[in-house]
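Grab a coffee and open the viewer. Below are some exercises, each with a solution worked step by step.

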Amino acid sequence: MCADSKKVSAAEREQGSAFFPKFDSAGLLTAIACEVETNEVLMVAFMNREALDKTRETSLAHFWSRSRQSLWCKGETSGNLLEVKEILVDCDQDALVMKVQPRGPACHTGEKSCFYRKLGLDNDEGDVLVKA
């Protein structure tokens, strides 16, 4: 990673081959975990530089907990780890998609994915969530 990626031009970041992550003002990137075989979205979390480095070093998904203000390895207490197989970087390098092999449910509720409910598109349906 570039030590000072803030000085990188937009063209270099968006079209170049070097990794210059664009962390937000809180020092975070959005990280989306998708099941490697099905592309199902399992969860969305945030990574700071330490979480990103740890993920790349171990091939296990690490995130920054905004509520606890600490680094955590997904599944460190439950055993439901996310083994990272591939990391895709979006065009302006401020978001990642991680293709993962889950070792158990991704959601802390025990659901396979954190996205297990859906909201109707028609306002006439009200704000009722139904199992997806």
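Before we start: helices (H or I, at least four residues) and strands (E, at least two) are DSSP runs, numbered from the N terminus. The model is a predicted one, where local features need pLDDT of at least 70 and side-chain atom pairs count only at pLDDT 80 or more, while totals for chains, interfaces and linings use all residues. Residues are numbered from 1 along each chain as its sequence is written, and side-chain values use heavy atoms, with hydrogens and water left out.

**Exercise 1. Get the overall layout: work out how many helices and strands the protein has, and in which order they run.**

Step 1. Count the elements: two helices and eight strands.

Step 2. Walk from the N terminus, and the order reads α-β-β-α-β-β-β-β-β-β.

Step 3. Put a box around the C-alpha atoms along the principal axes, and you get roughly 45 × 40 × 30 Å.

Step 4. Check burial, where buried means under 20% relative accessible area, exposed over 50%, and partly exposed in between (1.4 Å probe, protein chains only). Of the 132 residues, 35% are buried.

Step 5. Look at contacts, meaning heavy atoms within 4.5 Å. Taking those between residues at least 6 apart in sequence, 39% join residues at least 24 apart.

**Exercise 2. Find the annotated domain and describe its span.**

Step 1. UniProt, in an unreviewed entry, places "domain: Phosphoribosyl-AMP cyclohydrolase" at residues 43–116. Its positions are given in the numbering used here, feature names are shortened, and annotations may be inferred rather than shown by experiment.

Step 2. The span is 14% helix and 39% strand, and its end C-alpha atoms lie 10 Å apart.

Step 3. Zoom in on Met43, where the domain feature begins. Met43 sits in strand β2 and is buried, with a relative accessible area of 6%.

Step 4. Beyond its neighbours within four places in sequence, Met43 has contacts that include Ala31, Ile32, Ala33, Phe63, Trp72 and Phe115. As for Ser78, 35 residues away in sequence, its C-alpha is 16 Å from that of Met43.

**Exercise 3. Characterise the largest pocket: which residues line it?**

Step 1. Fix the terms. On a 1 Å grid over the protein atoms alone, a cavity is a set of points where a 1.4 Å probe fits but cannot get out, whereas a pocket is an open set with protein on both sides within 12 Å along at least five of seven lines; lining residues have an atom within 4 Å of a point. Grid points are joined across faces, edges and corners, and a volume is the space filled by probe spheres set on the points.

Step 2. The volume of the largest pocket comes to about 250 Å³.

Step 3. Its lining consists of Met43, Val44, Ala45, Phe46, Trp64, Ser65, Arg66, Ser67, Arg68, Trp72 and Cys114.

Step 4. Sort by element: β2 (41–47) and β3 (62–65) each supply at least two lining residues, and β2 gives the most, with four.

Step 5. Sort by type, with Ala, Val, Leu, Ile, Met, Phe, Trp, Tyr, Cys and Pro as nonpolar, Asp, Glu, Lys and Arg as charged, and the others, Gly among them, as polar. That gives seven nonpolar, two polar and two charged.

**Exercise 4. Inspect the loop between β5 and β6: is Gln93 buried or exposed?**

Step 1. Gln93 is in the loop between β5 (82–89) and β6 (95–102), and so are Asp90 and Asp92.

Step 2. At 5% relative accessibility, Gln93 counts as buried. Asp90, at 28%, is partly exposed.

Step 3. The unreviewed UniProt entry puts a "binding site" at Asp90, Asp92 and Asp94.

Step 4. Leaving aside neighbours within four places, Asp92 touches Arg13, Glu14 and Lys22. With the same exclusion, Gln93 has contacts including Arg13, Ala18, Phe20 and Leu29.

Step 5. The side chain of Gln93 reaches the backbone oxygen of Ala18 at 3.3 Å, a polar contact (a pair of N or O atoms within 3.5 Å; within protein, one must be able to donate a hydrogen and the other to accept it, and residues adjacent in sequence count only if both atoms are side-chain atoms).

**Exercise 5. Check the backbone of Ser59 and Gln93: what is phi at each?**

Step 1. Recall that most residues other than glycine have a negative phi.

Step 2. Ser59 has a positive phi of about 65°, and Gln93 has one of about 60°.

Step 3. Ser59 lies in the loop between α2 (49–58) and β3, and is partly exposed at 33% relative accessibility.
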